[in-house]
Amino acid sequence: TDQLLQKSEKLALLGQMAAGIAHEIRNPLTSIRGFVQLFKGEEGQNVYYDIVLSELDRINGIVGEFLFLSKPTTTAMQQRDVKKLLNDVVTLIQTQTILSNIQISMEYKSNLPYVYCDENQLKQVFLNILKNATEAMPNGGTIELKVKKDNERGVVIQITDQGVGIPKERIPSLGEPFFTTKEKGTGLGLMTCYKIIENHQGQLQIESEVDKGTTVHIILPSAKVELKETGTSY
Ligand code: ADP
Ligand code: MG
């Protein structure tokens, strides 16, 4: 608990810092990108310009994730069906998973309660986790999505991949800013997830075994009203 508390304090401070720094970096970055693109047009084809542009976009992506963290969180809370949000995100990421030879299976229990959430933030969480799962399975496989009701706590979402897995000693570092093992990673995806789930009074846990795969468990407190079953299970 002490460690958890420390993590959340760090995240809160980070969020405040992020707001200031991200704005300050974005503006000059946008103008640099504009000028680089202009030069590229004059000089004709040059691979270096493309590298500069893609690296600038990478910085912009990192800054974007920070800006996201610093956004106010209590504005857009609404009752939502987690199944639907997951389906939206699966549709989004499908072009990528199909290319990587990855199947996505979904198992949704009936009578799931709604959750109170900021729809876009939760989608961001699911997207980050599904992206990680996809990146962990360069040779394809199956990603399993499960949503169940949890009597005490609300809704449980489980996202399981058959990827490379994470060594035990590395699990506590997950969610720390800039912790990445990927050449082009930002190490900000999971931090964003932890932050958002925490803002929703939920819990995020990661379980993993090297060479077998990883499961991310998300527990979200339910809104009072239960979903009306329409008879279709996604
Ligand atoms: P990034 O994806 O940019 O590296 P993240 O915060 O999303 O940053 O993830 C941090 C690190 O956690 C990854 O670099 C990877 O080492 C590890 N990781 C996260 N999810 C998975 C997963 N599903 N399978 C294996 N490793 C993972
Ligand atoms: Mg990631």
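Asp50 is exposed, because 12 other C-beta atoms lie within 10 Å, and a residue counts as exposed at 12 or fewer. The model is predicted. Asp50 sits in helix H2, residues 47–70. In sequence, Asp50 and Gln37 are 13 residues apart. In space, their C-alpha atoms are 8.9 Å apart.

Now to helix H3. This helix covers residues 82–99 and has 18 residues. From first C-alpha to last, H3 reaches 26 Å, close to the 26 Å expected at 1.5 Å a residue. H3 also has a kink of about 55°, centred on Ile93. After H3 comes Asn101, with a positive phi near 65°.

Which residues of H3 are buried? They are Val82, Lys83, Leu86, Val89 and Thr97. Several elements help to cover them, including those in this table.

| Element | Residues |
|---|---|
| Strand E1 | 77–80 |
| Strand E2 | 102–108 |
| Strand E3 | 113–118 |
| Helix H4 | 119–135 |
| Strand E4 | 141–150 |
| Strand E5 | 154–161 |

How do H3 and H4 meet? Their axes come within 9 Å and cross at roughly 35°. The crossing is right-handed. On the H3 side, the contact residues include Leu85, Leu86, Val89 and Ile93. On the H4 side, they include Leu122, Phe126, Leu127 and Leu130. By class, this contact has nine nonpolar, three polar and four charged residues. Asp88 of H3 takes part, as do Glu119, Lys123 and Lys131 of H4. Leu86, Val89 and Thr97 are buried, and they are also among the H3 residues that meet H4.

Terms used:
Residues numbered from 1 in each chain as written. Chains lettered and ligands numbered in written order. Predicted model: local features only at pLDDT ≥ 70, side-chain atom pairs only at ≥ 80, totals over all residues. Helix = DSSP H or I, 4+ residues; strand = E, 2+ residues; numbered from the N terminus. Expected span 1.5 Å × (residues − 1). Bend = angle between axes of the 7 residues up to and from the residue. Buried ≥ 20, exposed ≤ 12 C-beta atoms within 10 Å, placed from the backbone. Contact = placed C-beta atoms within 7 Å. Axes fitted to C-alpha atoms, helices over the stretch in contact; angles between N-to-C directions. Left-handed = near helix turned anticlockwise from the far one by under 90°. Nonpolar A, V, L, I, M, F, W, Y, C, P; charged D, E, K, R; others polar.
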